[in-house]
Structures are given as structure tokens and as C-alpha cells.
Amino acid sequence: MALELIPRQRRTLAPGVVHVPDWLSVDVQRHLVGAARGWAREGPGARHATLPGGARMSVETVCLGWHWIPYRYSRTRDDQDGSPVAAFPRWLADLGAAAVADAYGVPVDYRPDVALVNTYRGDARLGMHQDREERAPDPVVSLSLGTACVFRIGSPHHRRGPWHDVELLSGDLVVFGGEHRLAYHGVPRLLPGLDVPDVGTAPGERINITLRVSGLA
Ligand SMILES: O=C(O)CCC(=O)C(=O)O
Ligand SMILES: [Fe+2]
């Protein structure tokens with residue numbers, strides 16, 4: 001399908017939930033994809049996390065700052081080789097602060113110290129869940145790279161909806177915070193038919209980076 005010619009609008013989907021299409025320049029997207037490749041190769045590498053029930057997640061994840069294991073954070077990669085989690089780079093925190101300030105249109109003091117870098121390939125998806133292992137109220141920043149997807153976000157109260165389905169394209173920003181900080185959200189499917197700028201992802205591959213404030217010390 002051809003690239004959309006109608007400009008996509010910045011939208012507040014629900015209180016505290018803002019979608020900013022094309023927030024990242026193509027150059028910054030390429031930089032993020034390159035960085036994500038490096039993080040995914042470092043140490044024990046990215047992995048398909050295992051849920052408490054035994055199921056393996058279809059997305060492949062590498063963490064920075066704090067290592068997320070369903071459903072807790074650790075400074076060490078306890079479900080891999082036990083090595084210390086990779087450092088959270090300062091430049092990524094600065095990008096997160098700019099994202100929140102831009103999405104909400106107000107100056108903010110946003111200091112993320114966790115990133116989950118998720119790679120989706122093929123039929124990978126992410127079921128409806130809350131990001132609730134953090135101990136701080138600050139918003140979550142989501143950056144999308146590569147293949148488009150459907151992002152589904154509902155309320156903090158009901159996993160089954162009602163919800164908003166939004167197409168996220170490469171370079172899009174979503175911030176969710178405020179009364180929707182604990183909103184259920186997920187990625188029901190990729191949209192491999194939509195064109196992607198050349199940002200370094202493979203055909204059909206999507207990388208998502210979420211930034212969070214852990215509130216942990
Ligand atoms: O891939 C996405 O857009 C969402 C990722 C997400 O919800 C998460 O990492 O917790
Ligand atoms: Fe999430």
C-alpha cells in the first residue's frame with residue numbers, strides 16, 4: 001500500500017494518552033534501530049521472556065537500566081546468565097523527556113531509567129496488559145520503528161475494552177500517563193502491508209522501545 005498522503009493528526013486518545021505521528025525523524029529512527037541491534041547482541045542478548053504460566057512471549061525483548069522479568073524488575077538478567085543489565089544511556093533519557101514535553105505540551109521533569117526494547121517478527125503480538133511493575137507515577141513513552149502495527153489501548157479498569165485501536169507507523173510516538181498510566185494495552189497484530197521508510201529494520205520487523213520511570217533504587 002502507498003504511503004498515506006493525508007497527514008496523520010496528533011491525537012489525544014483518552015486523558016493522558018497522546019499519539020504523535022512521525023515524531024522521530026528518519027535519521028533518529030535509523031540511529032535507534034542501530035542502537036537496538038547493538039543492545040540485542042550484547043551479553044546474553046535479547047530473549048523471549050517466559051510468563052509465570054510457562055508460555056513464551058512471541059516478542060523478543062532486551063532491557064536497559066532494569067531487567068524486566070514477568071512480572072518484576074531486577075538489576076541482573078536472572079532468567080538468562082545473571083549478568084548485570086545493560087546501562088540506560090543518558091541520550092535516551094533526554095529523548096524520553098523531549099517526547100513527554102512534546103506530547104503533553106508542557107515542560108516536564110521526566111527521567112526514565114528503564115527501557116524495554118521489543119522486536120516483533122512474523123506473527124508476534126503482545127496481549128493486553130498493564131505496565132505496572134514500576135513504583136513511580138510517571139508516564140510511559142513508546143517509540144515505534146519499522147513495520148506498522150495496530151496498538152490497542154483501553155482503560156485501567158477493564159482488560160476486555162472498550163478500547164481504541166490506533167495504527168502505529170515507523171517514527172510514531174505514544175505517551176500514556178495520568179489517569180491512563182495503568183491502562184490495559186497491547187499489540188494485536190502487525191500491518192506488514194504498509195510501507196516503511198528505510199530505517200534499517202528487516203521486512204516485516206517492528207521494534208518498539210518503551211521508556212519508563214522505575215521508581216526503584
Ligand atoms: O510494542 C508496543 O507498541 C507496546 C509495548 C508494550 O506495551 C510493552 O513493552 O510493555
Ligand atoms: Fe506495555
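**Strand β6, its sheet and the surroundings of ligand 1**

Strand β6 is mostly covered, with seven of its seven residues buried. The model described here is a predicted one. In a regular strand, side chains alternate between the two faces of the sheet. In β6, the residues V114, L116, N118 and Y120 lie on one side, while A115, V117 and T119 lie on the other, and all of them are buried, so both faces of the strand are covered.

Strand β6 belongs to an open sheet of seven strands, arranged in the order β1-β2-β11-β8-β13-β6-β3 with antiparallel pairing. The edges of this sheet are formed by β1 and β3 (60–64); each has a single partner strand, so one side of each is left without a neighbour in the sheet. On average, neighbouring strands of the sheet are turned by 20 degrees against each other, direction ignored. Strands of a sheet pair through backbone hydrogen bonds, either parallel or antiparallel.

On one flank, β6 runs antiparallel to β13 and is joined to it by seven bridges. Within this pair, Y120 has R206 of β13 as its bridge partner, and A115 stands opposite L211 in β13. Strand β3 also runs antiparallel to β6, and five bridges join the two. Here L64 is the residue that stands opposite A115 in β6. A115 thus faces L64 in the pairing of β3 with β6 and L211 of β13.

At the β1 edge of the sheet, strand β1 (residues 11–14) pairs with strand β2 (residues 17–20) in the antiparallel sense over three bridges. The bridge partner of R11 in β2 is H19. The hairpin of β1 and β2 has two residues between the strands, and G16 takes a positive phi near 90 degrees in it. Helix α2 (residues 90–104) lies across several strands, namely β2, β6, β8, β11 (173–176) and β13, and runs at about 75 degrees to β11.

The contacts of A115 were also examined. Leaving out residues up to four places away in sequence, A115 touches C63, L64, G65, F88, L92, I209, T210 and L211. A115 is also a member of the largest nonpolar core, which contains 53 residues; together with C63, A99, V175 and I209, A115 is among the members that touch the most others.

Residues of the same strand also take part in the shell around ligand 1. This shell consists of L116, N118, L126, D131, S142, F151, H185, V187, N208 and T210. By type, four of the shell residues are nonpolar, five are polar and one is charged. Three strands, β6 (114–120), β12 (185–191) and β13 (206–212), each supply at least two residues of the shell.

One of the shell residues, S142, has its place in strand β8 (residues 140–146). S142 counts as buried because 24 C-beta neighbours lie inside 10 Å, where the cut-off for a buried residue is 20 or more. When neighbours within four places in sequence are left aside, S142 is in contact with V174, N208 and T210. Of these contacts, N208 and T210 are themselves listed in the shell around ligand 1. S142 and H19 are 123 residues apart in sequence, yet their C-alpha atoms are 9.5 Å apart in space.

A further open sheet is formed by four strands in the order β7-β12-β9-β10, again with antiparallel pairing. Its edge strands are β7 (126–129) and β10 (164–168), each with a single partner strand, so one side of each is left without a neighbour in the sheet. The twist from one strand to the next averages 25 degrees. Within this sheet, strand β9 (residues 148–153) pairs with β12 in the antiparallel sense over five bridges, and A148 stands opposite L191 in β12.

The loop between β6 and β7 contains R125. R125 has 16 other C-beta atoms within 10 Å and is therefore partly exposed. Residues up to four places away in sequence aside, R125 touches S58, V187, P188 and R189. Among these, R189 is 64 residues from R125 along the chain, and the C-alpha atoms of the two are separated by 5.7 Å. V187, another contact of R125, is also one of the residues around ligand 1.

Notes. Residues numbered from 1 in each chain as written. Chains lettered and ligands numbered in written order. Predicted model: local features only at pLDDT ≥ 70, side-chain atom pairs only at ≥ 80, totals over all residues. Core = buried A, V, L, I, M, F, W, Y, C linked by C-beta atoms within 7 Å. Buried ≥ 20, exposed ≤ 12 C-beta atoms within 10 Å, placed from the backbone. Contact = placed C-beta atoms within 7 Å. Near = placed C-beta within 6 Å. Nonpolar A, V, L, I, M, F, W, Y, C, P; charged D, E, K, R; others polar. Pairing = 2+ DSSP bridges. Axes fitted to C-alpha atoms, helices over the stretch in contact; angles between N-to-C directions.
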